[in-house]
Amino acid sequence: MRHVLSWVVACIACTATTPYTPALTYTSASSYAPASSPAHATSPARSADAVAAFDGLPNGLVDLPTHRADQAAFDRQEEISSGLGPLYNAHSCRDCHENPVAGGGGQTTELRAGHRDAQGNFVFPQVRIGGGSVVVTGRTLINDKAICPGAEFPDNDAQEHLPDSENIRATRLAVSLLGDGYVEAVPDALLEAIARWQCSQPDLGVCGTPMQVPVLESPGTVAIGRFGWKSEHASVLSFSADAYLNEMGVTSALRPTDVTSYCDTVPDPEDHPDATGYTDLERFARFIRATKAPPRDAKLSATAEARNGSTVFETIGCAVCHAPLLTTAPAGTPMFGGQYRVPQALGSVALHPYSDYLAHDVGTGDGIVLAVPENYGPQFVQMQATFAASANKIRTAPLWGLRTRSRLMHDGQSYTLREAIGRHQGEASKVRAAFDALPPQSQEQLLTFLRSL
Ligand code: HEC
Ligand code: HEC
C-alpha cells in the first residue's frame, strides 16, 4: 500500500502539467516505466492516434467498397447448405458482434464447462450426442444450437447437453472487436515489457501473464495472445478461423475439420474463395483490421469531472492493468514469422484501449482451462499442459467503448460500474482498496471518466 501511495504522489505531480498523460508509458521494447521515471522524459514523440469513431467506416486500411464487401461476409447468415453446424451458436458473426456498429459487442453469453479429476487435473467434458452414439470432447464450449433434428435428419439429434459431472461452469460474454487491427499490431515486446514492469513491483501485487499462443496461419510460430477473455489468440485471422468453426460450425483452411461429422453433409473445408478470390476468413480478418477504434464521448471527456477522474484512475493504480496508451509497431514490421506485415494505416499508431492484454487473477477466474484442441486444433494437443494456470486468469478487460456495454465482466454478471469494480480482488486487491478509500467525490469523478470511455 505504501508503494501505491508514493506512486500516487509521484503521478499527481506528473499529470499536473498536461491534461492527458498516461501514467505508464512505453519507451522501448525492453523498458516500461511509470510516467514519473526518468525514462519517460526521454521517450520519443507521441505517434498519431488511432482513428476512432462509431461510424462503420474503414480506418484507412481499405477503401469503402472493400470494407462494405468484407462487412457483408461478416453480416451474412450462414445456412446448413453453406456449412452451418452441425453444432453452432449463431448464424453470423454480426449476430453477436454488433453494438453499436458491426464488430461491436453484444449481450450473448456462451456456456463453458469442465471438471477436475481426483488428482485435481482439469478434464474436458465428454458430451454425448446422437442418442449417445457420438462423444464430443477436447473443448470446454457447450454449443447452444444444432442443425439436427431437422428436415434432412428428422430422427437424429446433435444437440449438446451439459453432463451432470461437469460441475465447473461459466458463461462468457461476447466482446467488441472494434479497433483490433491496432491491437494486433502492438509488438509482443511491449506487452512483455509491461508484464516485467508489473512483476518487478512486488508491493503492488500485480503480475500479468503474457499468453504464448500458436498462430494458425504460421505453423510453428507462437506470439503473445491478446484476443478473447483468456487472450487465447494473437492474430485476428486465427481468431476468425476459431470463431467460424466453434461459433458457426463452418470449416476453413485454418480449421479444416468440423467438431463432429454427425448430421454433416457439406464436405470440409466449407469456406471457399468467392468470385473475387477471397475466402470468408480473409474477409473477416480484413474487416476487423479495418474497423475504427471505439471513440470517447467527446463532450463528457472534456469535462473537468472526467479529466479529474482520469487522473484518479491513474493515480490509484487502475492504469497498471488498464493501460491507457499502447503503440503499434512501425508500418512494414513483419509479424507471425513474416506471414503478416503491419500495414501503413496501422503502423506507429497510439491507441488507448485501457488494457495490458495480459492475463491476471483478479479473483473472478471461471475455473475453465484454455482448451487447446478447441482453440487451435487437435494437432496442438501437446501444448495443453502449458495452459494449466489459465483456469483462474482473465485478460484485463479493455475499457475503450465501455459506455456501449450493458453487462460487464467476462460472465456479464455485473450490471453497474461499481459492481464491476467491487468484484476486483486477487492481484487487484490493493488498487481496489485504494478505490474504496477514496472520498466519495473522487469516486464519482472516476466513474464519470469511465462513462466517457
Ligand atoms: C454466438 C456468439 C458469437 C458469434 C456468432 C461470433 N462470436 Fe466472436 N466472440 C464471441 C465471444 C463470446 C467472444 C469472447 C470469447 C472468449 O474468449 O471466450 C468473442 C470474441 C471474438 C474476438 C476477440 C475480440 C477481442 O478483442 O478480444 C474476435 C476477433 C471474434 N470474436 C471474431 C468473430 C468472428 C470473425 C465471427 C464470425 C466468424 C464471430 N466472432 C462470431 C461470440 C461470438
Ligand atoms: C490487476 C489488474 C487490474 C487492476 C489493477 C484493475 N483491473 Fe479492472 N479488470 C481487470 C480484469 C482482469 C478484468 C476482467 C475481469 C473479469 O471479467 O472477470 C477487469 C474488468 C474491469 C471492468 C469491467 C469492464 C467490462 O467491459 O466488463 C471495469 C469497469 C474495470 N475493470 C475497472 C477498473 C477500475 C476502475 C480499476 C481501479 C479501481 C481497475 N479496474 C483495476 C484487471 C484489473
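Helices here are DSSP runs of H or I with at least four residues and strands are DSSP runs of E with at least two, both numbered from the N terminus. The model is predicted: local features need pLDDT of at least 70, side-chain atom pairs count only at pLDDT 80 or more, and totals for chains, interfaces and linings use all residues. Residues are numbered from 1 along each chain as its sequence is written, while chains are lettered from A and ligands numbered from 1 in the order in which they are written.

**Exercise: confidence**

Find the average pLDDT of the chain and the residues over which pLDDT stays under 50.

Solution. Start with the score: pLDDT is the predictor's confidence in each residue, from 0 to 100. Its chain average is 91, and 90% of the residues score at least 70. Next, locate the weak stretch: over residues 1-45 pLDDT stays under 50. For that stretch the model has 74 contacts beyond four places in sequence, a contact being two C-beta atoms, placed from the backbone, within 7 Å. Where pLDDT is low, the predicted coordinates should not be read in detail.

**Exercise: the shell around ligand 1**

Identify the residues that come nearest to ligand 1 and the helix that gives the most to its shell.

Solution. Take as near any residue whose C-beta atom, placed from the backbone, lies within 6 Å of the molecule. There are 27 residues around ligand 1, and Asn89, Cys93, Cys96, Gly228 and Ala243 come nearest. Two elements give two or more residues to this shell: helix 6 (236-248) and helix 7 (280-289). Helix 6 gives the most, with seven residues. Then sort by class, with Ala, Val, Leu, Ile, Met, Phe, Trp, Tyr, Cys and Pro as nonpolar, Asp, Glu, Lys and Arg as charged, and the others, Gly among them, as polar. The shell has 15 nonpolar, five polar and seven charged residues.

**Exercise: helix 6**

Check the span of helix 6 against its expected value, and state how many of its residues are buried.

Solution. The expected span is 1.5 Å times one less than the number of residues. For the 13 residues of helix 6 this gives 18 Å; the end C-alpha atoms are 17 Å apart, which agrees. For burial, count the other C-beta atoms, placed from the backbone, within 10 Å of a residue's own: 20 or more is buried, 12 or fewer exposed, and in between partly exposed. By this count 13 of the 13 residues are buried, so helix 6 is largely enclosed by the rest of the structure. After helix 6 comes Gly249, with a positive phi near 75°.

**Exercise: Ala48 and its sheet**

Place Ala48 in its sheet and decide whether this residue is buried or exposed.

Solution. Ala48 lies in strand 3. The open sheet has three strands in the order 3-17-14, with mixed pairing. Its edge strands, each paired on one side only, are strand 3 (48-49) and strand 14 (326-327). Strands count as paired if DSSP finds at least two bridges between them; strand 3 and strand 17 (residues 349-351) have two, in the parallel sense. The bridge partner of Ala48 in strand 17 is Val349. These two residues are 301 apart in sequence but 5.2 Å apart in space, C-alpha to C-alpha. Ala48 has 9 C-beta neighbours inside 10 Å and therefore counts as exposed.

**Exercise: the pairings of strand 5**

Which strands pair with strand 5, and over how many bridges?

Solution. Strand 5 (residues 109-116) pairs in the antiparallel sense with strand 11 (residues 168-173) over six bridges; here Arg112 stands opposite Ala170. Strand 9 (residues 141-142) is also antiparallel to strand 5, over two bridges, with Leu111 opposite Ile142. Strand 6 (residues 122-123) likewise pairs antiparallel over two bridges, and His115 has Val123 as its bridge partner. Strand 5 and strand 6 form a hairpin with five residues between them, and Gly120 in the turn has a positive phi of about 90°.

**Exercise: backbone exceptions**

Locate two cis peptide bonds and two residues other than glycine with positive phi.

Solution. One cis bond joins Asn99 and Pro100, with omega about 0°; Pro100 lies in the loop between strand 4 (87-88) and strand 5. Another joins Asp268 and Pro269, with omega about -10°. Pro269 is in the loop between helix 6 and helix 7, as is Cys263. Cys263 has a positive phi near 70° and is buried, with 23 other C-beta atoms within 10 Å. Ser231 has a positive phi of about 50° and is buried, with 28 such atoms.
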